[in-house]
Amino acid sequence: MSSNNENSTVLDRQAEKVKPPSMYQVLLLNDDYTPMEFVVAILQEYFNKDRENATRIMLNVHREGKGVCGVYSKDIAATKVEYVISHARKAGHPLQCVMEEV
């Protein structure tokens with residue numbers, strides 16, 4: 001017959017093995033060619049930012065060389081990166097979008 005202490009120890013060990021999935025931040029990188037207005041539109045369309053926040057992030061990209069668009073699970077982050085790069089290339093812009101683990 002097992003005691004509660006033994007059961008809680010097993011549960012504690014199981015809880016230690018289960019960790020939340022890694023999260024990834026999606027970043028836009030500055031270049032000298034992509035129009036600022038296009039970057040704002042990308043942020044509004046793909047990252048659901050209002051105009052004020054999209055403009056703030058775009059200015060970070062412009063001034064700091066990169067800007068964080070949001071933090072997502074790996075699959076969602078990867079999909080957003082693909083969409084942004086595809087949209088930018090179709091529009092003829094070299095905008096770079098990357099993801100990195102946080």
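**Figure 1. Aromatic pairs in the predicted model.** In this predicted model, the count of aromatic pairs comes to two. In one of them, the ring centres of Tyr-46 and Tyr-83 lie 6.2 Å apart and the planes meet at 35 degrees, so the pair is tilted; planes under 30 degrees apart would count as stacked, and those over 60 as edge-to-face. Tyr-46 belongs to helix 2 and Tyr-83 to helix 4 (residues 74–90), so that this pair links distant parts of the chain, 37 residues apart. Tyr-46 has a relative accessibility of 17% and therefore counts as buried, the limit being under 20%.

**Figure 2. The pair formed by Phe-47 and Tyr-72, with Lys-80.** The rings of Phe-47 and Tyr-72 form a tilted aromatic pair, with 6.3 Å from centre to centre and 40 degrees between the planes. Distant parts of the chain are linked here as well: Phe-47 is in helix 2 and Tyr-72 in strand 2, 25 residues apart. Both Phe-47 and Tyr-72 are buried. Over the ring of Tyr-72 sits the charged end of Lys-80, at 5.1 Å from the ring centre.

**Figure 3. Helix 3 and its buried side.** Helix 3 comprises 14 residues, 51–64, and spans 19 Å from its first C-alpha to its last, close to the expected 20 Å. Its buried residues include Ala-54, Ile-57, Met-58 and Val-61. These residues lie on the same side of helix 3 because they cover an arc of only 100 degrees around the axis. An α-helix has 3.6 residues a turn, so residues three or four places apart point the same way. Among the elements that cover the buried residues of helix 3 are strand 1 (23–29), helix 2 (36–47) and strand 2 (66–73).

**Figure 4. The outward face and the end of helix 3.** Glu-52, Arg-63 and Glu-64 are exposed residues on the face of helix 3 that is turned away from its buried side. Just after helix 3 comes Gly-65, which takes a positive phi of about 95 degrees.

**Figure 5. The surroundings of His-93.** His-93 is located in the loop between helix 4 and strand 3 (96–101). With a relative accessibility of 16%, His-93 counts as buried. When neighbours within four places in sequence are left aside, the residues in contact with His-93 are Thr-34, Pro-35, Phe-38 and Ala-88.

Technical notes. Residues are numbered from 1 along each chain as its sequence is written. This is a predicted model: local features need pLDDT of at least 70, side-chain atom pairs count only at pLDDT 80 or more; totals for chains, interfaces and linings use all residues. Side-chain values use heavy atoms; hydrogens and water are left out. Helices (H or I, at least four residues) and strands (E, at least two) are DSSP runs, numbered from the N terminus. The expected span of a helix is 1.5 Å times one less than its number of residues. Buried means under 20% relative accessible area, exposed over 50%, partly exposed in between (1.4 Å probe, protein chains only). The arc is that of the directions from the helix axis to the C-beta atoms. Contact means heavy atoms within 4.5 Å. Rings of Phe, Tyr and Trp (its six-membered ring) pair if their centres lie within 6.5 Å; planes under 30 degrees apart count as stacked, over 60 as edge-to-face and the rest as tilted. A charge sits over a ring if NZ of Lys or CZ of Arg is within 6 Å of the ring centre and within 35 degrees of the ring normal.
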